[in-house]
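Trainee: Could we go through this model together, with the reasoning behind each label?
Mentor: Happily, let's put it on the screen.

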Amino acid sequence: MCSTSIVQPLDLVKTRMQLAGEGAKATRAGTLGTMFGVMRNEGVLAVYTGLSAALLRQATYTTARLGVYNSLFDAVSSATGTPPNFITKIAIGMTAGASGAFIGTPAEVALVRMTADGRLPVELRRGYSNVFNALARITREEGLFTLWR
């Protein structure tokens, strides 16, 4: 969680740079230019916009992935304690990763929307106050399955 808090400003910059190519009047700024632009236009703390979503994403994705992996690993290990073969470990890992991705995607959708919000015109900004507000509003306004787009 600590690393997510440290990396969040760069994640926001990455998202803003990825979205910079969209639209008719797109301009490309570098990493520092984007970061300083966000701080100048939206305030210094704006680089932490979406931190609650990033923390939820990390918690749900990692917990689910590790939990599924350990459960499956234990289920397929023999009673004598012999670990599964290499191919089975690959299948377990892929299943765990897919499960974690499925469970973590709603937080990822909220994170991208929260970090991208500042580049929208003021009248189009969603203004989510935190990840739970974002998830509730997305579900209420656009439907549950929007969380997996």
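Trainee: Why does T4 count as buried or exposed?
Mentor: T4 has a relative accessibility of 10%, and buried means under 20% relative accessible area, exposed over 50% and partly exposed in between, with a 1.4 Å probe and protein chains only. T4 therefore counts as buried. Keep in mind that this is a predicted model, where local features need pLDDT of at least 70, side-chain atom pairs count only at pLDDT 80 or more, and totals for chains, interfaces and linings use all residues. Residues are numbered from 1 along each chain as its sequence is written, and side-chain values use heavy atoms, leaving out hydrogens and water.

Trainee: And what does T4 touch?
Mentor: T4 sits in helix α1, residues 2-19; helices are DSSP runs of H or I with at least four residues, numbered from the N terminus. Setting aside residues up to four places away in sequence, T4 touches L51, A54, L55 and Q58, where contact means heavy atoms within 4.5 Å.

Trainee: What makes S3 buried, exposed or partly exposed?
Mentor: S3, also in helix α1, has a relative accessible area of 48%, so S3 is partly exposed. Its C-alpha is separated by 9.7 Å from that of L55, 52 residues apart along the chain.

Trainee: Which residues of α3 are buried?
Mentor: They are A53, A54, T62 and A64, and they pack against α1, α4 and α5.

Trainee: How do you know what span to expect for helix α3?
Mentor: The expected span is 1.5 Å times one less than the number of residues. Helix α3 (residues 51-76) has 26 residues, and its 37 Å from first C-alpha to last is close to the 38 Å expected.

Trainee: What is the angle between α1 and α4, and how far apart are their axes?
Mentor: The angle is about 75°, with the axes 9 Å apart; axes are lines fitted to C-alpha atoms, for helices over the stretch in contact, and angles run from 0 to 180 degrees between N-to-C directions. That makes α1 roughly perpendicular to α4, a label for 65 to 115 degrees, while under 35 is roughly parallel, over 145 roughly antiparallel and the rest oblique.

Trainee: And why is α4 called roughly parallel or roughly perpendicular to α5?
Mentor: The axes of α4 (residues 86-116) and α5 (residues 131-142) come within 9 Å and cross at roughly 100°. That makes α4 roughly perpendicular to α5. Among the residues that meet there are P106 and A107 in α4 and V131 and A134 in α5.

Methods: Helix = DSSP H or I, 4+ residues; strand = E, 2+ residues; numbered from the N terminus.
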